[in-house]
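I opened this entry to record how the pieces of the model pack against one another. I began with a pair of helices and worked outward from there.

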Amino acid sequence: MKLNVNGKDHDVAAPDDMPLLWVLRDIVGLTGTKFGCGMAQCGACTVHLDGQAVRSCVTPVASVQGRAVKTIEGLSPQGLSAIQRAWIEEDVVQCGYCQPGQIMTAAALLAARPKPSDAEIDNAMSANLCRCGTYLRIRAAVKRAAELAGRTA
Amino acid sequence: MSTQSGLSRRRFLKTSGALVVGFYVAPRTGLAAMQPPAAPALPDPNAFLRIGEDESVTVIVAHSEMGQGVWTALPMLVAEELGCDWAKVRVEEAPAAPVYAHPAFGMQMTGGSSSTWSELDRYRYAGAVAREMLIQAAADQWKVDPSACRVESGFVVSGDKRLSFGKLAAAAQKRTPPATVRLKDPKEWKIAGRPTKRLDSPEKVTGQAKFGLDVRLPGMLTALVARAPVFGGTVKSLRAEKAKAVPGVKAVVQVPSGVAIVGEHFWAAKLGRDALEIDWDLSAGADLDTQRLREEFRATAGTPGTKAASAGDADAAMSGAAKTVEAEYEFPYLAHAPMEPLNCTVRIGPDGAEVWTGTQFQTMDQGVTAKITGLKPEQVKIHTMFLGGGFGRRATPTSDFVSEAVQVAKAVGSGVPVKVVWTREDDIRGGYYRPMYVHRLRVGLGADGKPVAWRQTIVGQSILEGTPFAPMMIKNGIDDTSVEGVADSPYVKGTPSHLVDLHSPKKVIPVLWLRSVGHSHTAFVMETFVDELAQAAGQDPLEYRRRLLSEHPRHLGVLNLAAEKAGWGRPLAGGRVRGLAVHESFGSWMAQVAEVSVASGRVRVHRVVCAVDCGICVNPAGVRAQVEGAVAFGLSAALYGELTFKDGRVQQSNFHDYPILRLNEMPDVEVHIVSSSEKAGGIGEPGVPPAAPAVANAIFAATGKRLRQLPFRLA
């Protein structure tokens with residue numbers, strides 16, 4: 001089947017019900033999207049589907065044919081996005097494993113709500129788990145990213 | 001991008017365009033497990049840093065990066081003494097080799113909150129020795145005395161002459177290393193000691209960072225293992241026809257831990273495993289039941305155990321006490337649940353084996369792999385990948401997840417690289433838990449309210465029994481990790497008559513250290529019980545602790561700082577109340593004041609003010625991050641963490657029934673660092689122990705209810 005990932009078409013041979021996560025990681029070879037739970041509990045596998053944040057671990061690959069899939073690798077092909085710069089400026093990461101998912105969730109939030117309220121940030125970002133407990137800096141970085149994006153817009 | 005050893009070294013040579021010269025020699029090989037290397041007086045800088053003609057300074061880090069920031073802290077130490085430009089610093093993970101053995105523990109490993117303090121001298125000396133060799137090289141070239149030269153941000157300078165490190169590296173490498181060098185006083189530090197952003201951020205925010213799970217090799221297959229549903233179970237019979245019929249399944253092999261299904265990718269292996277039909281011989285493991293364990297441990301707590309600490313005659317002193325206070329505490333088994341599920345990739349060739357994984361125990365893994373494959377340890381190459389969290393789970397004395405992957409690769413044969421992946425369910429149900437514990441206490445108070453008699457019995461499985469650490473860390477029948485935080489507690493030591501004893505019942509459940517180890521339960525007992533004693537003595541919890549800790553200045557230092565910053569004693573709005581806790585662990589002192597409200601039986605932690613004394617502090621930004629994260633880790637255990645058994649089966653399986661704290665539950669955390677020139681302590685773990693008791697003490701202040709079980713049950 002045909003898959004459009006980060007603006008590029010891929011021909012993949014995979015069963016229809018294979019989760020998008022494993023197609024991305026094991027067939028397309030994009031390992032930035034992470035496996036954490038396999039049941040849409042942790043958000044480590046978050047990618048964008050036509051701009052919406054989805055859990056690739058429970059998204060059958062057949063359901064994304066003809067739609068645009070964006071992964072962390074494709075978030076900002078020309079250098080770092082405002083979100084990624086904010087993540088670095090706020091020194092968010094620790095082990096870093098959950099962060100691609102955190103960033104993809106934040107990117108979808110900021111695309112929909114360029115100036116999110118604290119409650120909107122908490123609501124959106126509570127879908128993603130971080131065992132290192134980087135939450136305070138994630139909150140700060142989402143706000144910083146909104147500022148940075150506002151400045152360059 | 002800076003990544004792991006070996007592969008990236010070759011890539012660097014190929015692609016950077018820079019001829020790599022200078023401080024690099026191939027790591028020495030040959031390893032005897034647990035054998036401390038014969039350390040030279042000064043470390044060989046060749047093993048720890050490399051200067052490129054492009055002026056890059058690559059620091060080779062002997063510890064695993066699992067989020068604790070060692071990829072930043074150790075390079076800061078090198079850069080401080082070397083005098084290089086911080087912007088030119090790169091990082092590379094060390095291969096497994098004796099030269100990278102832990103300076104204090106003698107084997108290559110990461111744990112015990114020791115990465116920074118244990119390397120404080122070695123990495124600084126490596127930088128200082130290299131600096132002296134660069135200076136000598138420049139002085140020779142200029143025909144001046146080395147004492148007329150100094151370093152300045154990547155250059156050696158003398159008068160108006162300047163030469164860059166990159167230009168000097170080749171000549172410097174030929175110099176004889178100095179016999180002695182002087183390290184800077186930390187007061188002179190320009191790089192170390194200042195809040196510094198992490199060096200691994202760029203690759204971690206772009207998805208480029210390679211964790212164990214991200215390893216991809218030509219011809220690699222992926223395996224899942226069907227393990228017994230109860231601990232100690234074995235395969236009685238196996239029908240694999242349906243599994244083998246799943247498209248993409250390549251092989252089904254039996255290994256000591258169960259049955260491995262090997263597929264062309266994860267999904268094939270997963271569907272194959274679902275289709276396997278196995279009859280298990282469950283043996284005794286099927287009898288495990290949390291309720292029965294609880295009753296057994298509680299009964300055991302009423303009987304005398306092995307003495308862990310004692311002074312005077314506790315029973316006699318108890319009978320003469322003005323007042324006695326008693327309590328019993330219970331803690332469940334806990335899973336580490338790092339965000340990256342366990343995994344390990346192995347390729348076995350005729351002349352050697354390679355292992356790619358996120359591990360905290362390279363030396364153990366190398367030894368175990370050698371044993372299974374019949375190779376020599378030096379024929380086993382360990383590629384330490386980034387760890388998607390460790391918390392102790394990737395430091396198993398049995399190398400469980402590595403040895404299993406080696407067994408699978410061996411069974412598959414033909415040199416095929418195999419990645420064994422654990423699902424989240426495998427991870428939660430796979431054992432190696434923080435043990436369940438019961439504590440029973442009876443303390444007698446004198447007329448002045450201070451303890452005069454202290455009796456405490458602890459019951460819980462030994463983490464170290466049966467491991468290579470046992471001879472070193474189990475003394476007189478006492479596993480130190482079961483009693484740390486009690487046997488050495490200033491409250492216990494300060495009580496004239498005391499007796500602490502321990503029972504270590506043997507159970508089939510594999511147990512392991514989890515972030516803060518024994519302190520994960522002992523601090524809760526001590527700090528909530530002392531709150532009860534304060535109440536019994538009719539004293540303010542802060543004042544009472546000040547009295548008991550009057551001869552412990554570092555406890556008092558953090559206690560007073562946290563109380564002051566939190567505004568202890570001042571009224572709070574919005575139904576909030578405060579609780580506090582102070583505890584020493586891993587050579588650092590930590591006090592926390594929690595602001596909590598309780599509404600409709602639900603606990604909300606709003607703010608946690610932390611004061612920490614970790615001695616000399618290398619990266620204050622890293623310390624803050626560790627303490628913030630430790631509070632989150634402690635709260636996860638306090639509010640949610642619990643594994644239970646029924647008919648031998650672990651009843652939890654994934655984050656829906658083994659929850660961890662989410663962002664909307666994260667309190668504001670303030671971290672105040674005591675300025676100190678004392679010996680550096682640990683920081684990865686000490687923030688965990690006080691979090692739960694500080695919150696529990698606040699809940700008591702709010703509700704009048706004493707919580708003596710984790711996770712909290714308010715109903």
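I looked up which residues join H20(B) to H21(B). From H20(B) I listed Ala630(B), Val631(B), Gly634(B), Leu635(B), Ala637(B) and Ala638(B), and these meet Ala691(B), Ala692(B) and Val695(B) in H21(B). By class I noted 8 nonpolar residues, 1 polar and no charged in the contact of H20(B) with H21(B). The model is predicted, and I read every entry here with that in mind.

Next I took the geometry of this pair. Helix H20 of chain B covers residues 620-639 and helix H21 of chain B covers residues 691-703; their axes come within 8 Å and cross at roughly 60°. The two helices, H20(B) and H21(B), are therefore oblique to each other. I noted the crossing of H20(B) and H21(B) as right-handed.

I then turned to the interface between the chains, where H20(B) appears again. Chain B puts 48 residues into the contact and chain A puts in 45 residues. On the side of chain B that touches chain A, the elements giving two or more residues are helix H6 (201-205), helix H8 (266-275) and H20 of chain B. Which element gives the most to that side? I found that H20(B) does, with 7 residues. I recorded the classes for the side of chain B that touches chain A as 25 nonpolar, 13 polar and 10 charged.

A second helix pair in chain B was checked for comparison. Helix H3 (residues 70-82) of chain B packs on helix H4 (residues 115-142) of chain B at an angle of about 35°, and the axes are 7 Å apart. I noted this crossing of H3(B) and H4(B) as right-handed. Among the residues of H3(B) in the contact are Val70(B), Leu74(B), Leu77(B) and Glu81(B), and among those they meet in H4(B) are Leu120(B), Tyr123(B), Arg124(B) and Arg131(B). I entered 12 nonpolar, 3 polar and 5 charged residues for the contact of H3(B) with H4(B).

I moved to chain A and its sheet. In what order do the 5 strands of the open sheet stand? I read the order as E2-E1-E5-E3-E4 (chain A), with mixed pairing. Strand E2 (8-11) and strand E4 (52-55) of chain A are at the edges with a single partner strand each, so one side of each has no neighbour in the sheet. I have the twist averaging 40° from one strand to the next.

Within the sheet I looked at one pairing. Strand E3 (residues 46-49) of chain A and strand E5 (residues 68-70) of chain A are antiparallel, over 2 bridges. I found Lys70(A) in E5(A) as the bridge partner of His48(A). I also found helix H3 (residues 99-112) of chain A lying across E3 and E4 of chain A, at about 35° to E3(A).

Last, I checked the domains of chain A. The assignment gives domain 1 (2-74) and domain 2 (82-152), and their C-alpha centres lie 21 Å apart. Domain 1 of chain A brings 15 residues to the contact and domain 2 of chain A brings 12 residues. On the side of domain 1 of chain A that touches domain 2 of chain A, E3 and E4 of chain A each supply at least two residues. The largest share of that side, 3 residues, is from E3(A). I closed with the classes for that side of domain 1 of chain A: 6 nonpolar, 8 polar and 1 charged.

Terms used:
Residues are numbered from 1 along each chain as its sequence is written. Chains are lettered from A and ligands numbered from 1 in the order in which they are written. This is a predicted model: local features need pLDDT of at least 70, side-chain atom pairs count only at pLDDT 80 or more; totals for chains, interfaces and linings use all residues. Axes are lines fitted to C-alpha atoms, for helices over the stretch in contact, and angles run from 0 to 180 degrees between N-to-C directions. Helices (H or I, at least four residues) and strands (E, at least two) are DSSP runs, numbered from the N terminus. A crossing is left-handed if the near helix is turned anticlockwise from the far one by less than a right angle, and right-handed if clockwise. Two residues are in contact if their C-beta atoms, placed from the backbone, lie within 7 Å. Ala, Val, Leu, Ile, Met, Phe, Trp, Tyr, Cys and Pro count as nonpolar, Asp, Glu, Lys and Arg as charged, and the others, Gly among them, as polar. Two strands pair if DSSP finds at least two bridges between them. Angles under 35 degrees count as roughly parallel, over 145 as roughly antiparallel, 65 to 115 as roughly perpendicular and the rest as oblique. Domain bounds come from an automatic or database domain assignment.
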